[in-house]
Amino acid sequence: MYKKMTEKEIISDLLDMFGAKITSADIRAYSAMKNISYPTITRRLDSYKVGHGKWNLEITSEVVDSIEKSYNSPSVIPVIEQNLVPEKDPGFVSFGCFSDIKKIISSNLFYPVFITGLSGNGKTMCVEQACAHLKRELIRFNVTVETDSDDLIGGFRLQNGDTVWHNGPVVEAMERGAILLLDECDLASNKIMVLQSVLEGKPLFLKKIGKVIHPKPGFNVIATANTKGKGSDDGRFIGTNVLNEAFLERFSVTFEQNYPPNSIEIKILTKLAKSIQLEGEEEFIKKLVSWSDTIRKTFYDGGIDELISTRRLVHLLKAYSIFKNKSKAIKLSIARFDDDTKSSFIELYDKIDEDFIKDEETIDKSNEV
């Protein structure tokens, strides 16, 4: 015979022996020790069950009800309230994987996509503009090495003195049927593995509030990265990590985004020039594109360690609209490179544009004033 134990006594014993989170194995061990049948104990713990063979003694059904009420309360402001459809960029020119990304998003299928490519070649803009054209909501989350489950899934936050649940970007996108963009995904640590079930299109169980999130139709995950999740051997992308193979395998397809061809890059810069009141600079734009193309080819051949991205050309053209001097715009835009690289880039442009020296002389005279 054994003493009939109350629920409070059983819970107190289990907390002392195993902590708040217990499994069926823990209960069987306790059952044998106390000579109490396994079903008798589990019946006492019904309100603490959080999954198959799992109990959390810190969360009662009353606590879950309370959390659910506060979660659904009008006083709790959702993480994101506004319409998240990106605006169309009038200067956008489609190229690369844009049309394919647009087809995948418009299909409404859950089809995770990985986009890789060098920095500044329009990976993120491609996804943003595909959503803008299709009028689909987009939630962009910039991944870092510090990103963890709380950042991605959500957690409790203090609000007006109360602790309330706030969705993370993953849950918010699932509930809205939005596109989740994981930007710079290859900076993540192994904590991103929390997304395994999400990347399979399955429901997500939020054990902290005892709620299951079912993805709405249209929800999809798109990741961008400078590498293919294998790290950066050449040191160009310091901080990128080797991603778990099981994580990478859950992406249905991988697109390798390259810099746009010359004709497209000219269109991009021409549209930009018009938007910033920089008219009549077609020849300058053609020379910039020719210059960057030569540099990229040399980079791909292993002749140099740096290149000029499309984003860098955009920065350069904006600098020219401000300073009205080609030489100054170019020098300021490539100042982040080392001295040898800057010199070689300037020498190359000098061979392409005969007016470059005149602009350099203008800089010298302005510095004398």
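**Exercise 1. Is Arg-296 buried or exposed?**

Solution. The model is predicted.

Step 1. Take the relative accessible area of Arg-296, which is 4%.

Step 2. Compare this value with the cut-off: buried means under 20%.

Step 3. Arg-296 is therefore buried, at 4%.

**Exercise 2. Find where Arg-296 sits and what surrounds the residue.**

Solution.

Step 1. Locate the residue. Arg-296 belongs to helix 11, residues 282-300.

Step 2. List the contacts, leaving out residues up to four places away in sequence. Arg-296 then touches Tyr-259, Pro-260, Glu-265, Leu-307, Ile-308, Ser-309, Thr-310 and Leu-313.

Step 3. Look for polar partners. The side chains of Arg-296 and Glu-265 make a polar contact at 2.8 Å.

Step 4. Test the pair as a salt bridge. The cut-off is a nitrogen within 4 Å of a carboxyl oxygen. Arg-296 and Glu-265 form a salt bridge, with their closest N and O atoms 2.8 Å apart.

Step 5. Place both ends. Arg-296 is in helix 11 and Glu-265 in helix 10, so the salt bridge ties together parts 31 residues apart in sequence.

Step 6. Check the partner's exposure. Glu-265 has a relative accessible area of 0%, so Glu-265 is buried.

**Exercise 3. Describe helix 11 as a whole: its span, its buried residues and its cover.**

Solution.

Step 1. Work out the span. Helix 11 has 19 residues, so at 1.5 Å a residue it should span 27 Å. Its end C-alpha atoms are 27 Å apart, which agrees.

Step 2. Pick out the buried residues. They are Phe-284, Ile-285, Leu-288, Val-289, Trp-291, Ser-292, Asp-293, Ile-295, Arg-296 and Phe-299.

Step 3. Recall the helix geometry. With 3.6 residues a turn, residues three or four places apart in an α-helix point the same way.

Step 4. Identify the cover. Elements over the buried residues of helix 11 include helix 10 (262-275), helix 12, helix 13 (326-333) and helix 14 (339-352).

Step 5. Inspect the chain just after the helix. There Gly-302 takes a positive phi of about 85°.

**Exercise 4. Repeat the analysis for helix 6.**

Solution.

Step 1. Work out the span. Helix 6 covers residues 123-134, 12 residues in total. From first C-alpha to last, helix 6 reaches 17 Å, close to the expected 16 Å.

Step 2. Pick out the buried residues. In helix 6 these are Lys-123, Thr-124, Cys-126, Val-127, Gln-129, Ala-130, Cys-131 and Ala-132.

Step 3. Identify the cover. It includes helix 5 (98-107) and four strands: strand 4 (113-116), strand 5 (138-142), strand 8 (179-183) and strand 11 (220-225).

Step 4. Inspect the chain just after the helix. Lys-135 takes a positive phi there, about 55°.

**Exercise 5. How many salt bridges does a search of the whole structure find, and what do some of them join?**

Solution.

Step 1. Take the total. The search finds 16 salt bridges.

Step 2. Examine Lys-34 and Asp-13. Their side chains meet in a salt bridge at 3.7 Å, N to O. Lys-34 lies in helix 2 (residues 24-34) and Asp-13 in helix 1 (residues 7-18), so the pair ties together parts 21 residues apart in sequence. Lys-34 is partly exposed, with a relative accessible area of 33%.

Step 3. Examine Lys-230 and Glu-245. Their salt bridge has its closest N and O atoms 2.9 Å apart. Lys-230 lies in the loop between strand 11 and helix 9 (245-249), and Glu-245 lies in helix 9, so this pair ties together parts 15 residues apart in sequence.

Step 4. Check exposure at both ends. Lys-230 is partly exposed, at 48%. Glu-245 is partly exposed too, at 46%.

Step 5. Look for linked bridges. Glu-128, Arg-140 and Asp-183 are joined in a network of salt bridges.

**Exercise 6. Which residues make the nonpolar surface patch of about 300 Å²?**

Solution.

Step 1. Name the members. The patch is made by Ile-322, Phe-323 and Leu-332.

Step 2. Follow one of them. Ile-322 lies in helix 12, residues 310-323.

Step 3. Classify Ile-322. Its relative accessible area is 60%, so Ile-322 is exposed.

**Exercise 7. Summarise the chain.**

Solution.

Step 1. Count the elements. The chain has 15 helices and 12 strands.

Step 2. Give the buried share. Of the 369 residues, 45% are buried.

Step 3. Give the surface. The accessible surface is about 19600 Å², and 50% of this area belongs to carbon and sulfur atoms.

Step 4. Sort the contacts by sequence distance. Among contacts between residues at least 6 apart, 72% join residues at least 24 apart.

Key:
Residues are numbered from 1 along each chain as its sequence is written. This is a predicted model: local features need pLDDT of at least 70, side-chain atom pairs count only at pLDDT 80 or more; totals for chains, interfaces and linings use all residues. Side-chain values use heavy atoms; hydrogens and water are left out. Helices (H or I, at least four residues) and strands (E, at least two) are DSSP runs, numbered from the N terminus. Buried means under 20% relative accessible area, exposed over 50%, partly exposed in between (1.4 Å probe, protein chains only). A polar contact is a pair of N or O atoms within 3.5 Å; within protein, one must be able to donate a hydrogen and the other to accept it, and residues adjacent in sequence count only if both atoms are side-chain atoms. Contact means heavy atoms within 4.5 Å. Patches are made of residues with over 30% relative accessible area and no salt bridge: like charges are joined within 9 Å, nonpolar side chains (Val, Leu, Ile, Met, Phe, Trp, Tyr) within 5 Å. Accessible areas come from the Shrake-Rupley method with a 1.4 Å probe; for residues, only the protein chains shown count as cover. The expected span of a helix is 1.5 Å times one less than its number of residues.
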